[in-house]
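Grab a pencil and open the viewer. Below are a few short exercises, each with a solution you can follow step by step.

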Amino acid sequence: MRRDHGPRRPRRPRRLGRSALTAASVTVLSVTASGCVVVHGEREVLPGATKTEAARALKDFTAAYNEANGANDPSLDADRVTGALGDIDGAKLKAGGKNEPGGNPNYVPLELSDTEFTIPKKAGWPRWFVTDSKANKGRGEDRWLLVFTRGDADDVWQVSYLTIVAAEEVPDFKKDQDGWAEPVTATAADLAVAPGDLPQGYATYLKDGGDTFAAGTHTTKWRSDRTKTASRPGLAQQYIDEPLASGDYAPVALRTTTGGALVFFTTRHYQKQTAAQGVPINVTNADVKALMTGEPKQSLTLESISNQAVLDPAKDAANQQVEFLGRIQGLTAAKGE
């Protein structure tokens, strides 16, 4: 196994549709006017992509990502990102474009190597796969996990999730004799928590606590940090957490060899600061200023998107707590009032 780290416009399921991970495994054949037999891929259980397609998608994404980040221009990789990463990446580049309109002269292009492709075999659309790569950024031993998705055969592959995980914590995935992975449905009842319930479960946990999630940086510590900053002299802080679970924000899950699953899911978070009369709200962060609408005379609300990767144990596992492997959170909007 391998561990720990951290929003753009909701868009049309531009293929913003990574719907439920279930579909009928029925193969339907029809005969065209020319006499050719057609296999309806939306009903047949097929690999999400060939390994050649997956490698090309990773190459295309990396090129677009580097171009956009070097120029601080979100339009340059808008067709290669979606969902949580699209929101986080888009807002970051929007702020960068305002703060450094000529581009980012210090940007070091992302290089991904030693990539492993985990491609699930499933019926229906959307289809998706996961890449696990070494990167030239951050800690050298970490792995960058990317979830690629597309809604139909005419769409380009887009990355919806990015999570950085310690190398030793990346789990082993269950695969068939041909090397194809097994997806887990959103409603799977054989896990501690059904993947589709994790976004709401995490939002509820951050508000009320509980024992669904194992203690750690993104659970007990984050709740503790919030408590410490909830009330300061003349400045009150409020937190609201929301699940995002449809379209390209829908959770995706892969079966592990232990019977559990690696699940990627998304949440939205609001932090509102309200000042007492006569107490100023000082905004010093350049990205907050760049993304802010209105003027923070009495309050400032920060909106962010978070994408997380967790290990969801099998229902019969000795330990039933969901464990975080990584989380990336990014500011997407700020509003002053």
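**Exercise 1.** In this predicted model, find which residue stands opposite Asp-132 of E6, then work out how E6 fits among its neighbouring strands.

*Solution.*
- Step 1: Look across from Asp-132 in E6 and you'll meet Glu-116. Thr-118 is placed opposite Val-130, again in E6.
- Step 2: Now check the strands themselves. Strand E4 covers residues 112-118, runs antiparallel to E6 and is joined to it by five bridges.
- Step 3: Turn to strand E7 (residues 142-150). E6 and E7 also pair in the antiparallel sense, this time over eight bridges. One facing couple here is Phe-129 and Phe-148, the latter in E7.
- Step 4: Follow the chain from E6 into E7. The two form a hairpin with six residues between the strands, and Gly-138 takes a positive phi near 70 degrees there.

**Exercise 2.** Write down the strand order of the open sheet that contains E6, and say which strands are at its edges.

*Solution.*
- Step 1: The sheet has four strands in the order E4-E6-E7-E8, with antiparallel pairing.
- Step 2: An edge strand pairs on one side only, and that fits E4 and strand E8 (158-166).
- Step 3: For the twist, neighbouring strands of this sheet are turned by 25 degrees against each other on average, direction ignored.

**Exercise 3.** Is strand E6 largely enclosed or largely open?

*Solution.*
- Step 1: You need a cut-off here: a residue is buried when its relative accessible area is under 20%.
- Step 2: Go through residues 127-135, which make up E6: eight of the nine are buried.
- Step 3: So E6 is largely enclosed by the rest of the structure. For the whole protein, buried residues make up 49% of the 337 residues.

**Exercise 4.** Trace the salt bridges of Asp-60 and say what parts the one with Arg-80 ties together.

*Solution.*
- Step 1: Start with Arg-56, whose side chain meets that of Asp-60 in a salt bridge (3.0 Å, N to O).
- Step 2: Place both on the chain. Arg-56 and Asp-60 lie in helix H1 (residues 51-71), four residues apart, which is about one turn of the helix.
- Step 3: Asp-60 also forms a salt bridge with Arg-80, where the closest N and O atoms are 3.7 Å apart. Arg-80 is in the loop between H1 and helix H2 (83-99), so this pair ties together parts that are 20 residues apart in sequence.
- Step 4: Compare the two arginines. Arg-56 is exposed, as its relative accessible area is 52%, whereas Arg-80 counts as buried at 15%.

**Exercise 5.** Where do the two partners of the salt bridge between Asp-241 and Arg-226 lie, and are they buried or exposed?

*Solution.*
- Step 1: The side chains of Asp-241 and Arg-226 meet at 2.7 Å, N to O.
- Step 2: Asp-241 is in strand E10 (residues 235-244) and Arg-226 in helix H4 (residues 220-229), so the pair links distant parts of the chain, 15 residues apart.
- Step 3: Asp-241 is buried at 14% relative accessibility, and Arg-226 is buried too, at 8%.

**Exercise 6.** Which side chains make polar contacts with Arg-327?

*Solution.*
- Step 1: Find Arg-327 in strand E15 (residues 323-336). At 8% relative accessibility, Arg-327 counts as buried.
- Step 2: The side chain of His-218 makes a polar contact with that of Arg-327 at 3.2 Å, and the side chain of Gln-329 makes one of 2.6 Å.

How values were computed: Residues numbered from 1 in each chain as written. Predicted model: local features only at pLDDT ≥ 70, side-chain atom pairs only at ≥ 80, totals over all residues. Heavy atoms only, no water. Buried < 20%, exposed > 50% of the residue type's maximum accessible area, 1.4 Å probe, protein only. Polar contact = N/O pair within 3.5 Å; in protein donor to acceptor, adjacent residues only side chain to side chain. Pairing = 2+ DSSP bridges. Axes fitted to C-alpha atoms, helices over the stretch in contact; angles between N-to-C directions. Salt bridge = Lys/Arg side-chain N within 4 Å of Asp/Glu carboxyl O.
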